[in-house]
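Reader: I have a sequence and a 3D structure open, and I do not know how to read them. Can we go through some features one at a time?

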Amino acid sequence: MNTKTIAKNKITDKALIILISVAFSVILPQIFHAAGVISGAGAVTGSMLLPMHLPVLFAGFACGPLAGLIAGILSPVISFAISGMPSAVLVPFMIAELGTYGFVSGKLSSSKINSFLSLIITQFSGRIARVATVLIAVYILNSNSISVDSVKSFLITGVPGIVLQWILFAVFYGKIKEMRKKYE
């Protein structure tokens with residue numbers, strides 16, 4: 001195979017991974033919310049376990065910053081368009097958080113930084129991006145659709161999801177790293 005064909009195949013593979021990641025970002029929250037309703041925990045299960053974050057992290061770590069960013073931006077938009085979740089009010093904040101997750105995980109996946117530390121930095125960066133957009137909405141844009149109190153709520157509620165990401169990351173990171181080498 002010539003270099004042009006290899007490059008084209010890598011782009012096609014990355015586009016496919018972005019599409020699969022976005023699809024899972026739509027499907028997983030539905031499953032988590034349904035499980036919460038069936039179990040009696042309610043719809044909070046999705047907010048607690050952050051299922052939309054997992055495929056975006058995968059896209060970034062496996063395919064790099066651009067793929068991660070695209071998956072992070074498209075996931076909440078397409079999920080809202082199909083399912084109405086997240087709510088319209090939350091979509092911009094989710095775009096900021098997940099876009100940051102995807103971009104930062106992609107940047108760090110090819111760095112010399114320890115893989116678990118890369119995940120921690122990615123999570124911290126995404127959460128900071130979401131906090132920043134909430135603060136901008138409230139204090140600069142004078143939005144009444146969200147409050148500063150929501151920051152504390154989503155940070156605390158999402159702790160189980162952060163831990164779930166650590167566990168899944170520990171289990172699957174070797175495979176993801178192999179994929180990343182394929183697309184460099």
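Author: What follows is a set of questions on helices, their packing, burial and backbone angles. Keep in mind that this is a predicted model.

Reader: Let us begin with one helix. Which residues make up H4, the helix that holds Ser79?

Author: Helix H4 covers residues 65-83, and Ser79 lies in it.

Reader: How far apart are the end C-alpha atoms of H4, and what should its residues span?

Author: The general idea is to multiply a rise per residue along the helix and compare the result with the model. At 1.5 Å a residue, the 19 residues of H4 should span 27 Å, and the end C-alpha atoms are 27 Å apart, so the two values agree.

Reader: Where does H4 have a kink?

Author: The kink is at Leu74, shortly before the proline Pro76, and amounts to about 30 degrees.

Reader: What comes after the end of H4?

Author: Gly84 follows H4, and its phi is positive, near 80 degrees.

Reader: Now burial. Is Ser79 buried or exposed?

Author: The test is the relative accessible area, and under 20% counts as buried. Ser79 has a value of 1%, so Ser79 is buried.

Reader: Which residues does Ser79 touch, leaving out those up to four places away in sequence?

Author: Ser79 touches Ser25, Val26, Met52, Leu74, Gly84, Met85 and Pro86. Gly84 is the residue that follows H4, and Leu74 is the site of the kink.

Reader: Which residues of H4 are buried?

Author: They are Pro65, Ala67, Gly68, Ala71, Gly72, Ser75, Pro76 and Ser79. Take Ala67 as a second case: its relative accessibility is 5%, so Ala67 counts as buried. Not counting residues up to four places away in sequence, Ala67 touches Ile18 and Ala59.

Reader: How do distance in sequence and distance in space compare for Ala67 and Asp13?

Author: These are two separate readings. Ala67 and Asp13 are 54 residues apart in sequence, and their C-alpha atoms are 11 Å apart in space.

Reader: Next, pairs of helices. At what angle do the axes of H3 and H4 cross?

Author: For a pair, read the distance between axes, the angle, and the residues that meet. The axes of H3 (residues 53-63) and H4 come within 7 Å and cross at roughly 165 degrees. An angle over 145 counts as roughly antiparallel, and H3 and H4 are therefore roughly antiparallel to each other. Their crossing is right-handed.

Reader: Which residues meet between H3 and H4?

Author: Val56, Ala59, Gly60 and Cys63 of H3 meet Ala67, Gly68, Ala71, Gly72 and Ser75 of H4.

Reader: How far apart are the axes of H4 and H5?

Author: The axes are 6 Å apart, and the packing angle is about 160 degrees. H4 and H5 are therefore roughly antiparallel too, and H4 passes H5 in a right-handed crossing. The contact involves several residues, including Gly68, Gly72 and Pro76 of H4 and Met94, Gly99 and Gly102 of H5.

Reader: How do H5 and H6 cross?

Author: H5 (residues 91-109) and H6 (residues 115-140) have axes that come within 8 Å and cross at roughly 155 degrees. They are therefore roughly antiparallel to each other, and H5 passes H6 in a right-handed crossing. Among the residues that meet are Phe93, Met94 and Glu97 in H5, and Arg130 in H6.

Reader: Is Arg130 buried or exposed?

Author: Arg130 has a relative accessible area of 9%, so Arg130 is buried. Leaving out residues up to four places away in sequence, Arg130 touches Leu90, Phe93, Met94, Glu97 and Phe154.

Reader: Last, backbone angles. Which residues does a cis peptide bond join?

Author: Omega is the angle to read here. A cis peptide bond joins Met85 and Pro86, with omega about -5 degrees. Pro86 lies in the loop between H4 and H5.

Reader: What is the phi of Leu50, and what is the phi of Asn142?

Author: Leu50 is not a glycine, yet its phi is positive, about 50 degrees. Asn142 is not a glycine either, and its positive phi is about 55 degrees. Leu50 is in the loop between H2 and H3, while Asn142 is in the loop between H6 and H7. Leu50 is buried, at 7% relative accessible area, whereas Asn142 is exposed, at 57%.

Technical notes: Residues are numbered from 1 along each chain as its sequence is written. This is a predicted model: local features need pLDDT of at least 70, side-chain atom pairs count only at pLDDT 80 or more; totals for chains, interfaces and linings use all residues. Side-chain values use heavy atoms; hydrogens and water are left out. Helices (H or I, at least four residues) and strands (E, at least two) are DSSP runs, numbered from the N terminus. Buried means under 20% relative accessible area, exposed over 50%, partly exposed in between (1.4 Å probe, protein chains only). Contact means heavy atoms within 4.5 Å. The expected span of a helix is 1.5 Å times one less than its number of residues. The bend at a residue is the angle between axes fitted to the seven residues ending there and the seven starting there. Axes are lines fitted to C-alpha atoms, for helices over the stretch in contact, and angles run from 0 to 180 degrees between N-to-C directions. Angles under 35 degrees count as roughly parallel, over 145 as roughly antiparallel, 65 to 115 as roughly perpendicular and the rest as oblique. A crossing is left-handed if the near helix is turned anticlockwise from the far one by less than a right angle, and right-handed if clockwise.
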